[in-house]
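Biologist: Please put the model on screen. I have some questions about side-chain pairs, packing and surface.

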Amino acid sequence: MHTILPFLLAMIAAIVLLNMWAAKLKIAYPILLVVFGLLVSFIPGLPAVKINPDLIFFIFLPPLLFEAAWSISFKEMKRWWRIIGSFAFLVVFFTAFSVAIAANYFIPGFTIALGFLLGGIVSPPDAVSTGAIMKFVKIPNTTAAVLEGESLLNDASSLIIFRFALITVGTGQFVWQEASLDFLWMVIGGAGIGLLLAWIFVQAHKRLPTDASSDIALTLIEPYLMYWIAEQIHCSGVLAVVCGGLYMSAKRMIFLNSTSRIRGYSVWESFVFILNGIVFLIIGLELPEIVGGLRSEGIALKTAINYGVLVTVILIAARIISSYAAMITTIIFRPSVAPRASSMRRRLMMPILLGWTGMRGVVSLAAALAIPITLENGTPFPNRNLILFITFVVILLTLLVQGLTLPYFIKYGKIFDDFIDEEKEELARKEIKQKLRQHVYHFLKNKHESELHSDAGIERLLRHWEEKNKANDADWMNEKSKAVFIEMLEIQRQFLSELNKDVSVNEEIIRHQLYQLDLEEERLKMI
């Protein structure tokens, strides 16, 4: 413990520093983490990083999926459910099938079942990598919603393929009737368990006398409970977490107060950031052990790399082909929702871009590491080390090749120029703000009109909102007045810090006032 703890602390420090460096270089931080982990793995004397395959899903997946479900727009998911569903299920199945056929044909000793196992592992694109890259480029909200919705659901579909392939490899048989029933139970049961537990959790938050700390603590354990209970009755734990997370996200304004939401956002952002960072570092740190396993099985490193490159090419090609198929199908059957472009070149380039967003990462690594070392009869799992190595190559190549070039495709290809109207978006934001001001003003005037002359506080409040309603954004808070306001906040912080030096002043009161100033500054930044 005394040996591994400093190493873990050093990993977290490295994650933070590499994230800052990635932000400065304007590249996705998972790329630097994987490369750094790979370089660190060659340093002699470092403790070996090993995670129990039985625990890899349970440790990392539930919170990552839960947080992703809270971040996505459920309204946008419903709007684009057809294309999201096709990418999350049909494209994943097609990709896994393509990998299975190629692996069975080109890789000696790979059965169709092993090919589907590998396909289920590497088929889902990684939401973290795509999201990190999208921070540096401007894309339409429609495309972002499709990518986010797909990444949320494709984990479930790929892991269902992974589970059935794992059973087939272990038993040597695949019964279609039983598999179909099991598939339906996994999907329907997983979604049902997730929604039921989410409803119970929402009621617990509403009825119990919770505060912000207990609310946040409960949200940290809830995804684990959803996943564990669903898995105990042989449903899809992934679908349980996704469906439960979407339900709780839609109800967040009902069962969480503003303090719980503000603090919970910060806690979850840091928690998920550390989990993602650890996983991407592990991807690099695991390589020496995987290479050692290949050598013990007599597989040449060059041969294994070639297999990894082959599978990567198949994955990219399958996703691009699927993107074109989706575009053609949409134009034929649903022309009203097809994206419009000023030229045929841009319309033809868009599926290539969607196909190029298939970076692999956390889920693929978790699934590969979850492969048991031995079968139930005690014999070594066939080609486990080769599957791990191919997965590593796929993750590394997609992060480096696609991850580094995707921003340049978007920026210099000017594919989305016809779909992004920044002036229109800004106008919509101003209209919503103006409507909000009018709503508050009329609410105060209509409900408390009888108290206006008898209560100076309500009269002052109404006058404040009346002025705010009449003024536009530039009059109410322009950049110059905002700077003065922020300067006033800083002066207040300095005054409170000096006041806190007086031993007779309660420091808890000072801290509370400082927190109020922080909230006010955050509000100003959003204006």
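Biologist: Which residue forms a salt bridge with Arg493, with the closest N and O atoms 3.2 Å apart and both residues in helix α22?
Modeller: This is a predicted model, and every value here is computed from it. Helix α22 covers residues 479-499. The partner sits 3 residues from Arg493, about one turn of the helix. The salt bridge joins Arg493 to Glu490.

Biologist: Is Arg493 buried or exposed?
Modeller: The cut-off for buried is under 20% relative accessible area. Arg493 has 14%, so Arg493 counts as buried. Glu490, at 37%, counts as partly exposed. For Arg493, then, the term is buried.

Biologist: Which helix holds Asp518, and how many residues apart in sequence are the parts that its pair with Arg493 ties together?
Modeller: The side chains of Arg493 and Asp518 meet in a salt bridge, 3.2 Å from N to O. Arg493 lies in α22 and Asp518 in α23, residues 507-525, so the pair ties together parts of the chain from two helices. Asp518 is partly exposed, at 36%. The helix is α23, and the separation is 25 residues.

Biologist: Which residues are linked in a network of salt bridges?
Modeller: Arg493 pairs with Glu490. Arg493 also pairs with Asp518. Side chains of opposite charge can pair when their charged atoms come close. The network links Glu490, Arg493 and Asp518.

Biologist: How many salt bridges does the structure hold?
Modeller: Two of them involve Arg493, with Glu490 and with Asp518. Another joins Arg163 and Glu231. The structure holds 4.

Biologist: What is the N to O distance between Arg163 and Glu231, whose side chains meet in a salt bridge?
Modeller: Arg163 lies in helix α8, residues 141-171, and Glu231 in helix α10, residues 212-232, so the pair ties together parts 68 residues apart in sequence. Arg163 is partly exposed at 23%. Glu231 is partly exposed at 22%. The N to O distance is 2.5 Å.

Biologist: Which residue has its backbone oxygen 3.3 Å from a polar atom of the Arg384 side chain?
Modeller: Arg384 is found in helix α18, residues 384-413. Its relative accessibility is 13%, so Arg384 counts as buried. The backbone oxygen facing its side chain, at 3.3 Å, belongs to Leu369.

Biologist: Which element gives the most residues to the largest nonpolar core?
Modeller: This core has 113 residues. Phe57, Leu117, Ile121, Met248 and Leu386 touch the most other members. Thirteen would be the count to look for, given as 13 residues from one helix. That helix is α18.

Biologist: Which residues are in contact with Leu386, leaving aside its neighbours within four places in sequence?
Modeller: Leu386 is among the core members that touch the most others. Its contacts include Ile107 and Phe110. The full set is Ile107, Phe110, Leu294, Ile299, Ala304 and Tyr307.

Biologist: How many residues make up the other core, which lies apart from the largest one?
Modeller: Leu489, Leu496, Leu517 and Leu524 are among its members. This core has 5 residues.

Biologist: What is the relative accessible area of Leu118?
Modeller: Leu118 is found in helix α6, residues 112-122. Beyond its sequence neighbours within four places, Leu118 is in contact with Val99, Phe110, Val311, Ile387, Ile390 and Thr391. Its C-alpha atom is 8.8 Å from that of Ala165, 47 residues apart along the chain. Leu118 is buried, and the value is 0%.

Biologist: What accessible area do the residues of the nonpolar surface patch have together?
Modeller: The patch is formed by Leu5, Leu9, Ile12, Val16, Leu17 and Met20. Leu17 is found in helix α1, residues 4-25. Leu17 is exposed, at 53%. Together the patch residues have about 520 Å².

Biologist: What share of the chain's accessible surface belongs to carbon and sulfur atoms?
Modeller: The chain has 23 helices and 0 strands. Buried residues make up 45% of its 527 residues. The accessible surface comes to about 28200 Å². The carbon and sulfur share is 64%.

Biologist: Among contacts between residues at least 6 apart in sequence, what share joins residues at least 24 apart?
Modeller: One contact of Leu118 is with Val311. Over the chain, the share is 81%.

Terms used. Residues numbered from 1 in each chain as written. Predicted model: local features only at pLDDT ≥ 70, side-chain atom pairs only at ≥ 80, totals over all residues. Heavy atoms only, no water. Helix = DSSP H or I, 4+ residues; strand = E, 2+ residues; numbered from the N terminus. Buried < 20%, exposed > 50% of the residue type's maximum accessible area, 1.4 Å probe, protein only. Polar contact = N/O pair within 3.5 Å; in protein donor to acceptor, adjacent residues only side chain to side chain. Contact = heavy atoms within 4.5 Å. Core = buried A, V, L, I, M, F, W, Y, C linked by side-chain atoms within 4.5 Å. Patch = residues over 30% accessible without salt bridge, like charges linked within 9 Å, V, L, I, M, F, W, Y side chains within 5 Å. Areas by Shrake-Rupley, 256 points an atom, 1.4 Å probe, with all protein chains shown as cover.
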